[in-house]
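Biologist: I would like to learn how to read a model like this one. Could you take me through it step by step?

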Amino acid sequence: MVDILLTNGTIVTMNARREIVTDGAVAIEENKIVDVGKTPELKKEYRADVEIDCSGKLVLPGFIDCHVHQAQALLRGCADDLSLVHWLKERVHPLQGAFTPREGEISSKLCCLEMIKSGTTTFLESGMHTKYGIDGIAKVVEKIGIRAMLTKKLMNLPGYADFQEAIVESMREDGKTAMLENIDMYKKWHGKANNRIHVWFGPRTPGGATVEYFQEIAYNAKKFKTGITMHLGEVKDDVRYMKNEFKMTPMEFANHCGLVGEHVVYAHGVWMAEKDFRILKETKSTVCHCPASNLKLASGFAPVPEMLKAGANVALGCDGGPSDDCYDMIREMKLAAIIQKGRLLDPTILPAEQVLEMATLNGAKSTLWKKDLGQLEKGKIADLIVVNMRKPHLVPVRNPISTLIYAANGSDVDTVIVDGKILMQNRKMKTIDEEKVIEEAQKAGVEIDKRAGLKIGPNWPVK
Ligand SMILES: [Zn+2]
């Protein structure tokens, strides 16, 4: 007897041989996958409490989004056509600075809802300000059922690269207090929700902290045996700052501060130097590629194929509401695949299969669950999604990986299971009232704009 049996699907196992099982089935007991194989065989072997018919559907590991700003979901559409520092100073920070814990909670609900509905089962939060209400956000994650690495934003300088006052007053935090809060958050939430919530450290970008403070973060992450995530080499200004101030490349700087290792994830890495690729490989650190954000903010094209070729681990992320405007990893995968072909004038440079590895396996490698996530195999944690391929924009399906990356989008995700629990079935959420979240989010967006004193609307005249 098993809890859930998914039957009649095309199973993209992502196992070592990358096998795809047609007329396949997956058996789940509690939070683990207990078997993967052909449907007739598994049906003979197991009786199930719940059987989910996956005819015409793909079954694959859930996506791991390695760069998410939950508090920016409510900021969707607040800032177009601005470069990063202006984008931060004029829109994102004034709005986020006006947040109350209630808005932190609404934004987290909205973000998690969108992620689950588009197939993300695990995410890495980039760094929360105390004013978003950290406990409220952790409770949302606990209740909605997604897997998460939560972080506190850590800073002891108000700068971004060499822009010394880049962080607006309302978003600044005291270094000592922030560090204590991150440690408290670790003690309170790490391992909670059946080990579905992990707590990492979330330093600001270079320029936002002193070298000594970065080193203290690295020391604490080692002490608590957890991870670190920070923005690194996102824009050209970062490189100029590290070169002028320290005569170092982004990875030389990270190495110098001790911010390297298996559980260290750098968001963006657009401006990594060639010698950085080797440090990435040697330290087993991860770059999280965020193509939509990099293009919208005109940050540049990350050298993804070059980093992969050098043996670095490159994962994928959606970033935030005002930089990407959506948290849909399927859309992100398409962008990741096609921009490199255009950039390097080489259609073979980043195949669909490799991009799917970035969104699943490579993400898993950077987490503390690395042995348990990213593959559908006996003994792994049951975090998986079902994608409906019987749609006008998806048929005929020849190579299902190609169809998923180039033709599908998040709305094609039909069913989502995390830690052996069904969070969404036939697109219906089971752990949260979707309509209520949409209502609350629409209202909260208008209220925040007003409180921050910003008028944001159409550029064309409204009658
Ligand atoms: Zn970011």
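Modeller: Happily; we will go from the domains to the helices and then to single residues. Please keep in mind that this is a predicted model.

Biologist: Which residues belong to each domain?

Modeller: A domain need not be one unbroken stretch of chain, and here the assignment gives domain 1 as 2-61 + 373-429 and domain 2 as 63-365. Taken over C-alpha atoms, the centres of domain 1 and domain 2 are 29 Å apart. Their contact draws on 24 residues from domain 1 and 27 residues from domain 2.

Biologist: Which elements supply the side of domain 1 that touches domain 2?

Modeller: Helix 15 (400-406), strand 15 (413-418) and strand 16 (421-425) each give at least two residues to that side. The largest share, 5 residues, is from helix 15. Sorted by class, the side of domain 1 that touches domain 2 holds 15 nonpolar, 6 polar and 3 charged residues.

Biologist: Now a helix pair, please. How do helix 3 and helix 4 cross?

Modeller: Look at the distance and the angle together. The axes of helix 3 (residues 101-117) and helix 4 (residues 134-144) come within 8 Å and cross at roughly 30°. Angles under 35 degrees count as roughly parallel, so helix 3 is roughly parallel to helix 4. Their crossing is right-handed.

Biologist: Which residues make the contact?

Modeller: A general idea helps here: an α-helix has 3.6 residues a turn, so residues three or four places apart point the same way. Helix 3 contributes Pro101, Gly104, Glu105, Ser108, Lys109, Cys112 and Ile116. From helix 4 come Gly136, Ile137, Val140, Val141 and Ile144. By class, this contact of helix 3 with helix 4 has 7 nonpolar, 3 polar and 2 charged residues.

Biologist: Which residues of helix 8 are buried?

Modeller: In helix 8 (residues 236-246), they are Asp237, Asp238, Val239, Tyr241 and Met242. The buried residues of helix 8 pack against helix 9 (250-257). Just after helix 8, have a look at the backbone of lysine 247, with its positive phi of about 55°.

Biologist: Let us finish with a loop. Is glutamine 164 buried or exposed?

Modeller: Count the neighbours: glutamine 164 has 11 C-beta neighbours inside 10 Å, and therefore counts as exposed. Glutamine 164 sits in the loop between strand 8 (147-154) and helix 5 (175-189).

Biologist: What separates the C-alpha atoms of glutamine 164 and glycine 208?

Modeller: Compare distance along the chain with distance in space: glutamine 164 and glycine 208 are 44 residues apart along the chain, while 8.5 Å separates their C-alpha atoms.

Key. Residues numbered from 1 in each chain as written. Predicted model: local features only at pLDDT ≥ 70, side-chain atom pairs only at ≥ 80, totals over all residues. Domains from an automatic or database assignment. Contact = placed C-beta atoms within 7 Å. Helix = DSSP H or I, 4+ residues; strand = E, 2+ residues; numbered from the N terminus. Nonpolar A, V, L, I, M, F, W, Y, C, P; charged D, E, K, R; others polar. Axes fitted to C-alpha atoms, helices over the stretch in contact; angles between N-to-C directions. Parallel < 35°, antiparallel > 145°, perpendicular 65-115°, else oblique. Left-handed = near helix turned anticlockwise from the far one by under 90°. Buried ≥ 20, exposed ≤ 12 C-beta atoms within 10 Å, placed from the backbone.
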